Amino acid sequence: MKKSILLGFMLVLAYAFNDALAQERTVSGKVTSVEDGSALPGVNVVLKGTTSGTVTDIDGNFTLLVPSDGGILVFSFIGLSTEEVEIGVRSVINIQMTADVKQLSEVIVTGYGTETKRDITGSISQIKSEEIEQLAMQSFDRAIQGRVAGVQIQSQSGQPGGNMSFNIRGQGSTTSNAPLFIVDGIQIISGSIAGQASNNALSGLNPEDIASIEVLKDAAAAAIYGAQAANGVVIITTKRGQKGKTDFQVSYQGGFTEAIDRYDVLNAQQYAELREEAFVNAGLRAEDANAIFGNPRNPESLTDFDWVDAFLRRGQLHSVNARLSGGTDKTTFYISASYEMQEAFTLESDWERQSLRANIVHEATDRLTIGTNIGLTRQNQFGSISNGNFVNGPFVATYSSQPNSPAFDENGDFNVYPAHFPSTSRGHLFNYNILEGVTDERRENFVGQVQANMNINYKISDDFTFNVVGGIDWADTESINERPATIPVFSGFGGQSTYDNRRTLVINGNSTLNYNRSFGDHSVSGILGVEVRRFHFEDQVATGRGFPNPALRLLDDAANPQSVAGGKTENTRAGAFGRANYNYKNKYYISGTLRRDGSSRFGEQNRFGTFWSIGSSWRIIEESFAQNTTFLDDLKLRFSYGVLGNSNGIDDYEAIPSFSGDRQYLGLGGQVLNIANDQLSWERSQQLNIGVDFAFLGSRISGSFDVFRNDTQDQLFDVPLALESGFDEVRSNVGEIRNEGIEIAINSVNVNTGGFKWTTSFNITFLNNEVLSLPGGVDSLALNTDNQLIVGQPIDFLWGLDFVGVNPANGKEAYRTRDGRIIYGNAGLDDGYIIGSAIPTSFGGLVNTFTYKGLSLDVFFQYQFGHDAYLGDFENLAISGADDNNQLVSQMDRWQNPGDVTSVPIAIEGGVVDGFGQADPGVGLTSRYVSDAGYIRLKQVTLGYELPEGLVSRTGLSGIRVFVQGLNLATITNFEGIDPEVVASNNDRDVSSFGAFPVGRQYTAGITLDF
Amino acid sequence: MKNTLLYTSFFIIAIISTACEDLGLIEPDPEDRITQEVALADLDGVASHVASGFNRLINFNLYGQEMMIMPDALADNVVVGNNTGRYVGESVNQARVHIDIYNTDITETTPRTVRDRYNAYSTINDVNIALETIELIRDENVARADILEGEARFIRALSYFDLLRVYAYSPGQEVDGFNLGVVLQTDAVFNTSGIEEQDRDTNLAGYELVESDLLAAINLLPGEGEIDDFPFRPSNLAARALLARVYLYWGRYGDAATQAQLVLSNTSANLLTEDEYLGSWSATEHPESIFELEVRLVDWNTVDGVNNSLATVTNTSDADRNLNNAQGAVRASPELIAAFEPNDIRRQLWVNPTDPNFFESRKWVGEQGDFRENIPLIRYSEVLLIAAEAKARSGNEAGGRTDLNTLRTNRGLPPTSASGQAFLDLVMNERRVELNLEGHRFFDFKRLGMDIPKPASAGFSALAYTDFRVLANISDEAISNNTVLTQNPGY
């Protein structure tokens, strides 16, 4: 196999250089606007039918080598109508371009190629660099949140550099909905790669280096990625240099972040009052409570301390980007360097990245183009524990810590927690002073990442092009957790250091043969290709204990080795694929795609699969009846259907029945059986899409409307096994899930007069997610477990009992069972039912842009609606004082006397009344802790000013832009937790939110200088 | 030229695509797992499964913590110390808060707490695999195979006995005739086709399986002197001692007395004297142990000590004893403290260093560092108490009194001359003060069909034996995953 590729390279290269001697000459010219005669920079000038081309410089000039026998030059630019000019014998070609209301000539990157927007039969959304530049967000997924119809991106954590979830057209899989990410032709690593804090492999790419992002959403667009296509594909293209003048740009922005919201918790007096009452109601003595928690009637004796306030801070952020780009006739380059740092709005949480990128394209001959794209990044992340109910997680513990217990003594040193009334032995939260833990503990990731590829493009003839791309995404991470002996809980063993080194490596290569030809009214194009992708992950973890001094923390300094661990896993995918497109008169389009893929992940019986799609479109606007209308500028109908695969949902060796080492006794290694299913194979997603692209009123209004239905069967699902087997589940291909919805994207120019322009981009997606069938034909599966599913319901729901209120007679929490009985607890599996859905039914974004001369104002809202979230935090903070945790202020409304009408139950130490736990129906969740998580958030407001040219030219620069920007400025929501944006993929059943790290509000100001 | 290149390209693509399928490019090559042929080729593979079975017993839901503490919290020996959420529901017998050893065996964050879950059937399948494999390769080394089989049967008996006492009534003590035991799985499961949903067998069938496994183990296991790692591996006397306990629960007191007496007469374990008693709990190996589980550093993740150990649950934070940030989740009930007779040396295990009302135990002290210690499962004194009770209940009260007095005199107490019910009550109290925090109190009432007494702080004096909460609820996971499984009454 490797030899075959090598041989192929050599053959291609040999032919290429053979053919490198054709005769050439130069043409040059200037491109201007037909409207005002101004120079048009950045216009693409391409020799038709070739990849040979250039871009006009800042003065609209271009120079291009063309064959001596001439040809046709194609001039294209976003928003301008494409011009084709016969070169003939001319050596100077000056042209004027007009605005293209249809914007159909935009080049869209598709799988293994490009097409003009006009010719696309699939559903593809494109984001241009302008939309996401200078957002001061650490990764592009964060930057495009809400900006693409059909794409739901959600923050998993407010930790700078933290992870995001990324779903295209809903959750079609019960196990993995991550799309395929491709950068410059190479499938990259996504998800989490390091061992501490929430981290994101996609942060390895500086969003400032991105030229465009294409999201392939339907079968016609994505099927060429076969077994990996079902969750959609995100194709990222980084910036290239442009022939002509060398551009040098430097930009800086700086600012700060702060917390948006926090829970309001009790002060020392309220806390003492509630604790006393809980003790008394449980039959304990008030004076015992007073001895431990203070006397609420003597507030002077209490020392108030606000743990949360001490944990929050104002975080700094700075970002510097410099880029140099340009090129000669033969070679273009783009080189960028950046430094970015961002502190969270909480103590000891920050992130830093240095990145370097070099993209070089060289035209060795008029047939052979070689290029390389190299991105190097280093990240350094310091993070807090979040997303879990841990006493050392500050987003849990700062709220739970007792308000009468200061974190610091009078010298500013850390108190042992709890610090109040030290004569009592009553501990709390493992006696862990959370501020000391956050301050003294080290939780740090170092990430070094290389994304590099090389490509060779050989133009075999006017019709055929051969392309080879090979590249890697290589991330080495080191995660360090130091628990110094200065923290009491770690002093017993003299402190501890854990080093976790991980290597993640993707090697990916593909070769494609592209064909493109027009015969009169008929145009034909196609691709044939092969691809191999190998994924490798390994890690080594070592822990040492017993350090002579807190300053000595390397494993070498440890007196005692504590533990070692390590593993390694690999998978390989390989496939061959083809696509054919045909259109007649640019009016009727049809395309077909076929891919055969194999994956090492799957069972011996099912290692290969075939995936396909068909797509067609009808450009109604080209019909004579449409041409006659005056208001219609574009109308296109699209249809696609296909079968795509998803192989993310299983581990690399999960389909191999086998035994592995686990446990030990008396030093003899133990061995356990891994139960497995050797039939395992892909999830197969049947995807149907019908769409309309439209533009009318002089293209003042344009957009698209798509209806889709994705039925994903053979779900890679953990089928429950009878526990008496010794196992609880086995991954199998069973069940079917439907995602169907409507996507609307509308762009409008609302006002465009006197230099003032107001444009709006709006997108919304309506989604319905439903389980169609389950294994064995059952109606429900594994209720009240992580795997719970019910036919006819979404795949992610909240299950339990509705809280119907507090009985005014006795203060007990009451619940309604499935059959309508009112009970006080001890519900069983037959009593529970769905009390909420975790999947939004609609989401999207709205951008309004106002420009007047050099001024511009962007206002961006992002929203999602129709879903609920479980408030894990409330299990600690809203239990009416049942234990020593501090409580929400709302808990002061607890039931106290018969006749009290309130939704907060009686305060009782232990929280158990007559054998029934309060706040616990007995099975599942209580709706008391379920909250509507819909929101609309003012994500971004940017006010920019482009200094007038006259002023700028005096400085010797070619452009100066200044801006101020605010992110996450306002939120409208009924959510009772802190941040409705950070609720999913938490630690329990994907729904709860224990100690989530909310996102912050960010203010920055910046300047961009063009030299 | 152009055509040549075109054809070459097609040729390359064709080669590559066939190469992928033919040359094993996508053949998985795991380094972390092996096939059944390799794994179970010899007795080493069997021994590895037995090792896994032993190791699972130290799970924190089992003997690592909860099986030792919960029977005291569900009854009247301990009450909540620091409210960490642990043992809060158990102390007041909250419905559905009970011993849980029949769940998915993964570490998981449930809505309320982070806890390790345990499935006794995972242990049972480990040893079932061992037992089936031994049958195929016994000839490799018959002596070794016998020992492995004995150990596997011992583990299986212990596991089924624990399931039966948690989820089922003892034979003869059924309430409303509810006589279901647990599902009896004796065939090894190697793949999904070996899994069949089945309902629970009777409690009697369960006890009979436990008995037959132990009788076989007695014949297969070596004597204590032949075991290098005694008491960390079971001897034939450990199997007898466990069988004595099983008979006690079964009401077969004569058999219990016989087995207990055989152990007492033959074991190399000693009954500690009054002087030796207190120090014995900080020895790495308890001198009275007839069977003890060894716990090594590698068995725990780095925070298991402070989070989950017996020592952290039963001690309050004490830097001097290397128990920083111990949780002290439980303390003695006043009723337990009151149960000690004057001069009882065991009373000194309960101390109140910080608060006059907060008595904490010095039984589990984490003497190996970072809260870690080995876990004695069957001690000489328990066998002595079984003998005392079983003899008295089977018509040999004098013999029983001798045994009880042997224990009393070695604990600083005068011999007793009590008889009849008074003697049996004294045995129960002696069990209470000797075996607290070792997983007995709740079961001692349950096996006799007695109401479960509660401390005054619980707010009710006793949990009636007929109350549904005496039996643990079978976990939702077990019920969901086995559609024919019968839940216990009341849940």
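**Exercise 1. The lining of the largest cavity**

Task: In this predicted model, determine how many residues of each class line the largest cavity, and locate that lining in the chain.

Solution.
1. Sorted by class, the lining comprises eight nonpolar, 10 polar and four charged residues.
2. The lining has 22 residues in total; nearest the centre of the cavity lie Arg142(A), Gln342(A), Asn968(A), Gly1000(A) and Gln1002(A).
3. Two or more lining residues come from each of the chain A elements β19 (331–343), β52 (959–973) and β53 (1000–1010).
4. The volume of this cavity is about 230 Å³. In general, empty space of this kind is revealed by rolling a probe the size of a water molecule over the atoms.

**Exercise 2. Strand β12 of chain A**

Task: Decide whether strand β12 (residues 164–168) of chain A is enclosed or open to the outside.

Solution.
1. A residue is buried when its relative accessible area is under 20%.
2. In β12(A), five of the five residues are buried, so the strand is largely enclosed by the rest of the structure.
3. Side chains in a regular strand alternate between the two faces of the sheet.
4. On one side of β12(A) are Met164(A), Phe166(A) and Ile168(A), and on the other Ser165(A) and Asn167(A); both faces are covered.
5. β12(A) pairs with strand β11 (residues 151–155) of chain A in the antiparallel sense, over five bridges. Within this pairing, Met164(A) has Ser155(A) opposite.

**Exercise 3. A five-stranded sheet**

Task: For the open sheet of chain A with the order β10-β15-β16-β13-β14, identify the edge strands and describe the pairing.

Solution.
1. The sheet has five strands, and its pairing is mixed.
2. The edges are β10 (124–128) and β14 (186–187) of chain A; each has a single partner strand, so one side of each lacks a neighbour in the sheet.
3. A parallel pairing over four bridges joins β13 (residues 180–183) and β16 (residues 233–238) of chain A.
4. Val183(A) has Ile236(A) in β16(A) as its bridge partner.

**Exercise 4. Both neighbours of β44**

Task: Trace the pairings of strand β44 (residues 842–852) of chain A with β37 and β45 of that chain.

Solution.
1. Strand β37 (residues 756–773) of chain A pairs with β44(A) in the antiparallel sense over 11 bridges. Here Gly844(A) of β44(A) faces Ile764(A).
2. β44(A) also pairs with β45 (residues 855–865) of chain A, again antiparallel and over 11 bridges. In this case Gly845(A) stands opposite Gln862(A) of β45(A).
3. The hairpin of β44(A) and β45(A) has two residues between the strands, and Lys853(A) there takes a positive phi near 50°.

**Exercise 5. Gly244 of chain A**

Task: Classify the exposure of Gly244(A) and give its distance from Glu276(A).

Solution.
1. Gly244(A) belongs to strand β17 (residues 244–259) of chain A.
2. Its relative accessibility is 36%, so Gly244(A) counts as partly exposed. That class covers values between 20% and 50%.
3. Glu276(A) is 32 residues away along the chain, and the C-alpha atoms of the two residues are separated by 78 Å.

**Exercise 6. The overall form of chain B**

Task: Test the radius of gyration of chain B against that of a compact globule with 491 residues.

Solution.
1. The globule would have a radius of gyration near 23 Å; chain B has 26 Å, which agrees.
2. The C-alpha trace of chain B spans about 110 × 50 × 45 Å along its principal axes.
3. Chain B contains 19 helices and 12 strands, and 65% of its 491 residues count as buried.
4. Among contacts in chain B with a separation of 6 or more, 68% involve residues 24 or more positions apart.

Key
Residues are numbered from 1 along each chain as its sequence is written. Chains are lettered from A and ligands numbered from 1 in the order in which they are written. This is a predicted model: local features need pLDDT of at least 70, side-chain atom pairs count only at pLDDT 80 or more; totals for chains, interfaces and linings use all residues. Side-chain values use heavy atoms; hydrogens and water are left out. On a 1 Å grid over the protein atoms alone, a cavity is a set of points where a 1.4 Å probe fits but cannot get out, and a pocket is an open set with protein on both sides within 12 Å along at least five of seven lines; lining residues have an atom within 4 Å of a point. Grid points are joined across faces, edges and corners, and a volume is the space filled by probe spheres set on the points. Ala, Val, Leu, Ile, Met, Phe, Trp, Tyr, Cys and Pro count as nonpolar, Asp, Glu, Lys and Arg as charged, and the others, Gly among them, as polar. Buried means under 20% relative accessible area, exposed over 50%, partly exposed in between (1.4 Å probe, protein chains only). Two strands pair if DSSP finds at least two bridges between them. The radius of gyration is taken over C-alpha atoms; the globule rule is 2.2 Å times the number of residues to the power 0.38. Contact means heavy atoms within 4.5 Å.
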